[in-house]
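Notebook open, coffee at hand. I want to walk through this one and jot down what I look up as I go.

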Amino acid sequence: WKPEIMDSGEDKNSCGTSDKDADIASVMGFSGFGKKARTFDFDAIFEQTRRTAIERSQKALEEREMENMQQMSAGSSQSSKAPVQPRRGMSAPSASSRGQESDSESSSGSEDEDSEEEQIGPPLPPAMATRGGADNEEEFVGPPLPPGYTLDDSLNSACRSQNSVFQNPVKRIPDTHEITLQHGTKTVSALGLDPSGARLVTGGYDYDVRFWDFAGMDASLQAFRSLQPCECHQIRSLQYSITGDVLLVVAGNAQAKVLDRDGFQVLECMKGDQYIVDMANTKGHTAMLNGGCWHPKVKEEFLTCSNDGTVRTWDINNEKKHKSVFKPRSMQGKKVTPTCCTYSRDGKMIAAGCQDGTIQIWDRNLSVHTKFHCRQAHTPGSDTSCLSFSYDGTVLASRGGDDTLKTWDIRNFKKPLNVATGLSTFFPMTDCCFSPDDKLLMTGTSVKKGEGNGKLVFFDRYTFQKSYEIEVANSSVVRCLWHPKLNQIMVGTGNGLAKVYYDPVKSQRGAKLCVVKSRGKEKMAETLTQDYIITPHALPMFREARQRSTRKQLEKDRLDPVKSHKPEPPVSGPGRGGRVGTHGGTLSSFIVKNIALDKTDDSNAREAILRHAQEASENPYWVAPAYARTQPEMIFAEVESEDEEANKEPEWKKRKI
């Protein structure tokens with residue numbers, strides 16, 4: 001293909017440029033105005049340029065090699081007189097090549113824009129000249145290497161050292177430094193960290209939820225807020241949503257709560273009817289909650305599980321009723337209690353660990369039948385405390401109440417991939433989680449009081465060998481959290497402490513923000529910087545009042561409405577003393593006036609009864625007329641007077657012997 005560009009003028013290297021063109025060339029920076037374009041062939045130009053580049057590269061290499069040989073042979077007359085031979089494998093330029101080179105040089109005047117640029121600057125040092133070549137794409141940067149040490153060896157050693165750091169995940173554990181946050185005196189049973197890693201929340205058996213702000217905290221490490229969102233219920237789980245604007249609080253009651261970042265209530269779940277047999281027909285949980293978590297993709301949805309035998313999903317925009325219900329069942333089809341629940345990494349599956357030792361997984365959109373089911377995952381009767389999916393979504397880790405840690409491939413859910421035993425646990429919420437690089441699995445161990453230290457244990461995900469362990473405190477390790485962005489590990493213990501492990505080099509922000517701040521100075525009480533002399537009677541405000549007589553003081557007090565107020569009489573009965581309802585036109589005042597009055601009677605009760613006796617005998621009305629026909633005649637014994645009884649002869653004297 002030979003395109004022709006039509007233009008007026010000659011070649012740009014010709015000497016017939018006018019003064020006008022020279023002025024324009026000096027201003028514009030290039031020449032060749034008004035000259036004819038020549039006909040050219042792209043293929044021929046490319047081939048000629050390639051040959052020219054090769055020949056020039058060979059020539060430059062030969063010159064550098066000759067200079068190197070001359071420098072090395074300086075001081076030796078024999079070597080200086082000997083002809084300099086080119087580098088082995090490099091032949092001297094032939095006559096034909098010289099002819100081609102001369103031809104290319106002659107044509108380079110007209111084709112400078114198509115040829116490569118020559119080297120600018122001083123020649124390369126001898127050590128560099130030996131490594132130079134037309135095929136080297138990268139230049140050597142840095143000091144010269146020691147003798148016997150090549151560039152390839154240095155690059156390989158650097159790559160090996162770097163790969164050793166990345167291939168050994170234990171070296172990425174941030175455990176060189178730690179800070180301790182004092183939550184309280186009881187077990188820290190819940191930890192939550194927002195996605196950005198700026199705010200940490202802790203909850204415990206003391207019903208408190210404490211908020212810790214790393215950016216706002218100083219070295220004193222004090223929480224900026226403490227509250228009891230669920231009154232007298234132990235906190236079971238805390239988790240921020242994927243956006244970090246709301247916090248899910250799961251406590252020992254039947255109603256989960258959603259709080260905002262500052263601790264104010266946004267939502268309280270509905271409580272169900274405990275007298276309904278089918279739990280799917282109730283609007284909420286009817287028994288104590290065991291756990292909960294947010295959906296990893298949908299910011300409005302969260303999940304809870306309860307002792308009522310259900311796992312429910314909720315929508316934050318609808319607090320009147322749950323969204324869907326999942327009911328775990330035993331092998332006999334009976335109800336079992338879910339002790340923990342979680343979403344898969346993509347949010348498409350819901351997993352629950354149950355009290356009968358099973359792990360059941362449902363499709364999020366199909367709540368009737370399980371998608372995966374393992375009957376003998378852990379010992380029946382033990383509480384599975386935690387389920388955690390790996391970041392790649394193919395492996396599920398389960399922390400059992402039977403002191404084991406197991407990993408499962410959800411594509412082959414019949415038997416576990418790996419099992420670790422001897423990991424004692426005394427709490428129903430002991431955690432396990434994967435490292436950010438998905439190569440380690442972390443969990444905590446429990447100890448009895450005074451029998452050792454609780455440990456944070458790390459296992460290799462593939463070989464399941466114990467890779468590392470950290471002694472946290474002389475108490476159990478309950479909660480653990482490894483934040484992927486901060487690369488920091490948060491731990492909750494059984495003695496009320498929350499510890500944060502970090503590395504100044506490997507970790508980002510988080511605890512590093514507050515440890516560099518100095519403690520705030522305590523506000524001292526204001527004291528007088530100068531002694532003042534006070535003369536008692538110098539000013540009117542310091543003068544003492546004159547003593548007045550008692551009579552004048554009483555007269556003055558009588559005029560004071562407060563001091564002369566008559567005290568209220570005591571109330572011993574309804575309306576006593578006329579204090580209650582003595583005036584007013586209301587119904588209550590009328591009742592008090594007329595009914596609730598003092599009706600006590602101090603008269604003799606016998607006299608009050610006998611005053612009607614004569615009238616009753618003369619005019620009988622009730623009893624006597626009713627028995628008038630059948631009433632016998634009453635005969636009363638005659639009562640003699642005391643004098644007659646004294647003069648009366650005894651009865652025994654009247655008897656005749």
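**Charge over a ring.** For my own bookkeeping, a charge sits over a ring if NZ of Lys or CZ of Arg is within 6 Å of the ring centre and within 35 degrees of the ring normal. I looked up Arg345 with that in mind, and it lies over the face of Tyr391, at 4.2 Å from the ring centre. Note to self: this is a predicted model.

**Whole chain.** I pulled the overall counts next. The chain has 657 residues, and buried ones make up 34% of them. I get 14 helices and 28 strands for the secondary structure. Of the contacts between residues at least 6 apart in sequence, 49% join residues at least 24 apart.

**Open sheet.** Which order do the four strands of the open sheet take? I read it as 1-28-27-26, with antiparallel pairing. Strand 1 (177-182) and strand 26 (477-483) are at the edges; each has a single partner strand, so one side of each has no neighbour in the sheet. On average, neighbouring strands here are turned by 20 degrees against each other, direction ignored. I then checked one pairing by itself: strand 26 and strand 27 (residues 488-493) are joined antiparallel over six bridges. In that pairing, Val477 is opposite Thr493 in strand 27.

**Cores.** I went for the largest nonpolar core and found 17 residues in it. Ile179, Leu181, Leu200, Phe214, Met217, Met490 and Val500 have the most contacts inside it. At least two residues of this core come from each of strand 1, strand 2 (188-193), strand 28 (497-502) and helix 7 (511-515). I clicked on Met490 and listed its contacts, skipping neighbours within four places in sequence. Among them are Leu191, Leu193, Leu200, Phe214 and Val500, and also Arg479 and Lys499. Another core, of 15 residues, lies apart from the 17-residue one; Met442, Phe458, Ala473 and Cys480 are among its members. Cys480 also turns up in the contact list of Met490.

**Hairpin.** On to strand 6 (residues 235-240), which is mostly covered, with five of its six residues buried. Strand 6 runs antiparallel to strand 7 (residues 246-251), and five bridges join them. Leu238 is opposite Val249 in strand 7. The hairpin has five residues between the strands, and there Gly244 takes a positive phi near 80 degrees.

**Odd phi values.** Most residues other than glycine have a negative phi, so I looked for exceptions. Leu221 has a positive phi of about 55 degrees although it is not a glycine. I place Leu221 in the loop between strand 4 (209-213) and strand 5 (225-227). Arg509 goes in the notes too, with a positive phi near 45 degrees. Arg509 is in the loop between strand 28 and helix 7. Is Leu221 buried or exposed? Its relative accessible area is 15%, and buried means under 20%, so Leu221 counts as buried. Arg509 comes out at 54%, and the exposed class starts over 50%, so Arg509 is exposed.

**Aromatics.** Last look of the day. How many aromatic pairs are there? I count nine. Ring pairs also link Phe372, Trp408 and Phe413 into a cluster.

Notes
Residues numbered from 1 in each chain as written. Predicted model: local features only at pLDDT ≥ 70, side-chain atom pairs only at ≥ 80, totals over all residues. Heavy atoms only, no water. Pairing = 2+ DSSP bridges. Axes fitted to C-alpha atoms, helices over the stretch in contact; angles between N-to-C directions. Core = buried A, V, L, I, M, F, W, Y, C linked by side-chain atoms within 4.5 Å. Buried < 20%, exposed > 50% of the residue type's maximum accessible area, 1.4 Å probe, protein only. Contact = heavy atoms within 4.5 Å. Phe/Tyr/Trp six-rings, centres within 6.5 Å; stacked < 30°, edge-to-face > 60°.
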